[in-house]
Amino acid sequence: MMIDMQRDFLEPGGFGESLGNDVSHLRAAVAPARALLDWARAQGLRIVHTKECHRPDLSDCPPAKRERGLPSQRIGDPGPMGRILIDGEPGSDFIPELSPLPGECVLAKPGKGAFYGTELSRLLTDWGVERLIFAGVTTEVCVQSTMREANDRGYDSLLVSDATASYFPHFRDSAIEMIVAQGGIVGWAAPFALLQAAG
Ligand code: TIU
């Protein structure tokens with residue numbers, strides 16, 4: 001599960017920066033995420049790339065989400081990478097290093113969790129998947145939401161700790177602590193090197 005490695009979150013001029021964030025904090029996760037992706041491809045694992053975005057008419061964007069905070073630009077407004085967080089605009093696309101290959105599953109999601117408003121549940125059931133490996137951004141928002149949704153649905157989840165990042169580095173660390181506390185109440189975490197060594 002490669003969560004939301006989109007230009008809108010990682011590059012200047014997108015949704016993340018419009019919320020007042022320093023997007024450079026997310027770069028550290030890119031190389032480990034790419035290594036994870038290459039490894040998963042070599043292992044023949046199913047790969048799902050999610051992208052958080054909305055329909056051009058904003059019919060799947062609750063007003064409460066659009067109106068939240070005091071962003072410099074709101075979802076749907078024009079920006080240097082097209083309309084902010086709108087499906088099909090350049091900003092909603094994946095960063096080049098993490099572009100999906102033909103045949104890999106791409107899921108557009110309107111929410112933070114990847115199960116909400118998507119076909120993910122049905123796909124995982126059809127594939128007979130029981131365990132999920134997570135990477136992407138941001139750790140405490142879309143990654144953690146999706147891991148919690150997966151936990152309630154009975155999946156075992158592992159977060160690759162160096163392939164995820166937050167605009168607030170201490171939130172990344174705290175989110176990982178919350179996930180693995182209490183014997184893995186939500187899931188487990190390990191750096192990519194450990195995953196690779198295991199398997
Ligand atoms: N703002 C923030 O940290 N994240 C999001 O809005 N979406 C995702 O995490 N993908």
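## The ligand and its surroundings

A polar contact is a pair of N or O atoms within 3.5 Å, and in this predicted model an oxygen atom of the ligand lies 3.2 Å from a polar backbone atom of Cys 142. Two side chains also come into the picture: an N or O atom in the side chain of Thr 138 is 2.9 Å from an oxygen atom of the ligand, while a polar side-chain atom of Glu 52 is 2.8 Å from a nitrogen atom of the ligand. The ligand, taken alone, exposes 280 Å², and the protein buries 91% of that area.

The residues around the ligand are Asp 4, Phe 9, Phe 15, Leu 19, Glu 52, Val 137, Thr 138, Val 141, Cys 142 and Tyr 167. Sorted by class, this shell consists of seven nonpolar residues, one polar residue and two charged residues.

## Lys 65, a partner of Glu 52

Glu 52, one of the residues around the ligand, is also joined to Lys 65 by a polar contact of 2.6 Å between their side chains. Lys 65 is found in helix 4, and because its relative accessible area is 16%, under the 20% that marks the limit for burial, Lys 65 counts as buried. Leaving aside neighbours within four places in sequence, Lys 65 is in contact with Glu 52, His 54, Ile 75, Leu 85, Pro 110 and Lys 112.

Pro 56 belongs to the loop between strand 2 (48-52) and helix 4 (63-67). When neighbours within four places in sequence are set aside, Pro 56 is in contact with Arg 83 and Ile 86. The C-alpha atoms of Pro 56 and Arg 68, which are 12 residues apart along the chain, are separated by 19 Å.

## Thr 139 and Gln 144 in helix 6

Helix 6 covers residues 139-152, and Thr 139 has its place there, as does Gln 144. Thr 139 counts as buried because its relative accessibility is 0%, and Gln 144 is likewise buried, with a relative accessible area of 8%.

Not counting residues up to four places away in sequence, Thr 139 touches Gln 144, Leu 159, Thr 164, Ala 165, Ser 166, Arg 172, Ala 175 and Ile 176. The C-alpha atoms of Thr 139 and Ser 161, which are 22 residues apart along the chain, are separated by 9.1 Å. On the same basis of counting, Gln 144 touches Thr 138, Thr 139, Ala 175, Met 178 and Ile 179, and the side chain of Gln 144 also makes a polar contact of 2.8 Å with the side chain of Arg 148.

## The nonpolar cores

In soluble globular proteins, nonpolar side chains tend to be buried together. The largest nonpolar core of this model has 33 residues, and those with the most contacts inside it are Met 5 and Leu 36. Helix 1 (7-10), helix 3 (30-43), strand 6 (131-137), strand 7 (156-165) and helix 8 (192-198) each supply at least two residues of this core, and the largest share, six residues, comes from helix 3.

Leaving aside neighbours within four places in sequence, Met 5 is in contact with Leu 10, Ala 29, Val 30, Ala 33, Thr 50, Phe 94, Ile 95, Leu 98, Gly 136 and Val 137. Apart from the largest core lies another core, of 21 residues, among them Val 48, Phe 115, Leu 124 and Met 147.

Conventions:
Residues numbered from 1 in each chain as written. Predicted model: local features only at pLDDT ≥ 70, side-chain atom pairs only at ≥ 80, totals over all residues. Heavy atoms only, no water. Near = heavy atom within 4 Å. Polar contact = N/O pair within 3.5 Å; in protein donor to acceptor, adjacent residues only side chain to side chain. Areas by Shrake-Rupley, 256 points an atom, 1.4 Å probe, with all protein chains shown as cover. Nonpolar A, V, L, I, M, F, W, Y, C, P; charged D, E, K, R; others polar. Helix = DSSP H or I, 4+ residues; strand = E, 2+ residues; numbered from the N terminus. Buried < 20%, exposed > 50% of the residue type's maximum accessible area, 1.4 Å probe, protein only. Contact = heavy atoms within 4.5 Å. Core = buried A, V, L, I, M, F, W, Y, C linked by side-chain atoms within 4.5 Å.
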